[in-house]
Amino acid sequence: MREKVIKLLKSLIPAGTPVVVSVPEDERFGHYTTNVAFALAKAEHVAPLAVAGRLVGELMRRGKDFFARVEAKAPGFVNVWLAPDVLQRNVIEIVKRGAKFGASRALAKEKIQVEFVSANPTGPLTLANGRGGFLGDALANVLAFVGAKVEREYYVNNTGNQIAALGKSLTVALGLNLRQRAPDEKLYQGEYVKAWAAVHARYAEQWKNDPTKLGEAAARDFLKSIKQTLAKKAHIRFDRFTSEKRIYQKKYPTRALALFKKKGVVRKKDGAVWLKTTAYGDDKDRVLITSNGEPTYFFADAGHYLETKRRGFTTKINILGPDHYGYKARIQAAAQLLGLKRSEVIITQALLLVRGGKEVKMSKRRGEFVTFEEMVDEVGADAARFLSLSISPDTHINFDLDLAKERSIKNPVYYAQYAYVRAKGILKKLTTYNLKLKTVKEKALKCLNTPEDMRLILKLLEFPAVVEDTARDYQVHRLPRYALELARAFHNFYEKERVVGETPEVALARAALVNATGIVLKNLFGLLGISAPEKM
RNA sequence: CCCCCCGUAGCUCAAUGGAUAGAGCAGCGCUCUUCUAAGGCGUUGAUGUGGGUUCGAUUCCUACCGGGGGGACCA
């Protein structure tokens, strides 16, 4: 619906004028509202209200069957109300489109890789990993819903220093190898390290002088349980686990380097090889290969980005944790150099853990942390996901575990799911009408004219725009917010209007509306990755 | 010292430069003979501080004050 209003407006004003149409929170300002008159007034040097008045006249003339009312309101807003029969007609449209309502082909030409989680397999997933996991999963759902070819990728850092450090940690945990250890060496000290070492004591002893080999073996196990947690507990899906080792084997980093050299953005200094990322907005150049001839993490990442590009992706979205802040600029520099059409790096902000009013410091190395799995177990997958997705990635979260657990029974997610339960409950009692729902005619919906009906229909019709906006700006937290608004509109409808026991015409019309609500809620839950329960 | 993010109700969070700043939780009143009261209705309550930009600023700029994260030829 918003699209139609925008289209109509665009036909009335000079091309290139940005048109923003929004749904005002206050109903007195219409079903839709726009501030284009302000922009036009500035360009034409006339009063905004006069421009708004002119637009109102034009809109009424061109859309007299579409609008019930159009008004110009000081200081220069244009507010429109849709005609009731337009709204009623669209209820049928929703029912017809079913699971496809809200879907589109908007990004049909795009091949998008979403890289997320990508936690080092040196231990269990942290809460920050989980936050990124939910985000990536839901974002991938949205992009696929608007037609993009989407790949969900987990990049596994299964080589390098941290793997060797893990190996050493295991031998230390068993009391082996103590003399060789440098005093300031960083080690992983969590319970999980001791546990693995205890179970694999003989193996660890055998390979105590080859920490990398030992670390790799443990990393394989840790990755396996990470996969379990993601798939079974959190319902976070991946299409591909890309190994850093394999990126090296396929020589992608070296090929990326050759490409950089060809572009003249590589320099040598103090025996190291640097990429001139400063030319692309970074605040300092970055080392690709150290003076010892060691490749850096960034070197491998550049190779990884080249692989993504070579595999035909037009867009890459990389979701990283807060410890990667300094990384964003250099990754974007590499992405640009390698020729990706669009590259986004989303940094999720810190998630501060609180338990009993006290901060819980997280450190994988010291082993003090609550794992993602523990949190999901405590509050439930749907609640954890909804809560996490409701918040902008830019926001620092103070996550109180005790509160989350205590609150889980009345978590907002249940408010939304309960609306679905109620909708399904009604439809179950109306089996005779269910048969007619598919062939319901526009005329039959005339009785959907109360304020509650109208509000609900309007809210339902917002869905495609919500999806579209999210696919464009990646602000996934818009979805849970919308879910609560829609649930509210339905709960209000439910309190006010009855379906079962009304006259056949009324029952059928309202059943169609209830059915449409169920469809939108289900589609929405699908995007969010939460369940659509029929009973609670 | 430099860079990034945040500061909104008692708490956790919203608000593409728009109109009277919204939810949830917590608190206080109502509300189930009727499709599930995990609901509905009412009520209390907020933009860190000072400047600036403009028709209009929670949003943009600037200087402070607080909180968090980052800074290496580590990952």
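## Close-up views of chain A

**Glycine 147, just past helix H5, has a positive phi.** Glycine 147 follows H5 and has a phi near 95°. (Helices, runs of DSSP H or I of at least four residues, and strands, runs of E of at least two, are numbered from the N terminus.) The structure is a predicted model, in which local features need pLDDT of at least 70 and side-chain atom pairs count only at pLDDT 80 or more, while totals for chains, interfaces and linings use all residues. Residues are numbered from 1 along each chain as its sequence is written, and chains are lettered from A and ligands numbered from 1 in the order in which they are written. H5 itself covers residues 127-145, 19 residues in total, and spans 27 Å from first C-alpha to last, close to the expected 27 Å (1.5 Å times one less than the number of residues). Of those 19 residues, 18 are buried, which leaves H5 mostly covered. Here, buried means 20 or more other C-beta atoms within 10 Å of the residue's own, exposed means 12 or fewer, and partly exposed lies in between, with C-beta atoms placed from the backbone.

**The whole of chain A sets the scene for the close-ups.** The chain has 21 helices and 15 strands, and its C-alpha atoms fill a box of roughly 85 × 55 × 40 Å along the principal axes. Of its 536 residues, 43% are buried. Looking at contacts between residues at least 6 apart in sequence, 73% join residues at least 24 apart (a contact puts two C-beta atoms, placed from the backbone, within 7 Å).

**Five parallel strands build an open sheet.** Across this sheet, the 5 strands come in the order S7-S6-S5-S11-S12 (paired strands share at least two DSSP bridges). The edges are strand S7 (240-243) and strand S12 (342-347); each has a single partner strand, so one side of each has no neighbour in the sheet. From one strand to the next, the twist averages 25°. Inside the sheet, strand S5 (residues 111-115) and strand S6 (residues 149-156) run parallel and are joined by 5 bridges. One to look for pairs valine 114 with arginine 152 in S6.

**Helices H5 and H13 pack on the parallel sheet.** H5 touches S5, S6 and strand S11 (315-320), and its direction makes about 160° with that of S6. (Such angles run from 0 to 180 degrees between N-to-C directions of lines fitted to C-alpha atoms, for helices over the stretch in contact.) Helix H13 (residues 328-338) touches S11 and S12, making about 165° with the direction of S12.

**A small group of antiparallel strands forms an open sheet, S8-S9-S10.** Its 3 strands are paired in the antiparallel sense. Strand S8 (266-269) and strand S10 (286-289) sit at the edges with a single partner strand each, so each has one side without a neighbour in the sheet. Neighbouring strands are turned by 45° against each other on average, direction ignored. S8 pairs with strand S9 (residues 272-275) over 4 bridges; look here for arginine 267, whose bridge partner in S9 is tryptophan 274.

**Helix H6 is mostly covered.** H6 runs over residues 161-173 and reaches 18 Å from its first C-alpha to its last, close to the 18 Å expected for its 13 residues. Buried residues number 10 of the 13, among them Ile163, Leu166, Leu170 and Val172. Their packing partners are helix H7 (191-199), helix H8 (201-206) and helix H9 (211-233). Beyond H6 comes glycine 175, with a positive phi near 80°.

**Two non-glycine residues have a positive phi: histidine 45 and serine 118.** Histidine 45, with phi near 55°, lies in the loop between helix H2 (36-44) and helix H3 (48-62). Serine 118, with phi near 45°, lies in the loop between S5 and H5. Is each one buried or exposed? Histidine 45 is exposed, because its C-beta has 6 others within 10 Å, whereas serine 118 is buried because it has 23 such neighbours.

**A cis peptide bond joins alanine 74 to proline 75.** The omega of this bond is near 5°. Proline 75 sits in the loop between strand S3 (67-73) and strand S4 (77-82).
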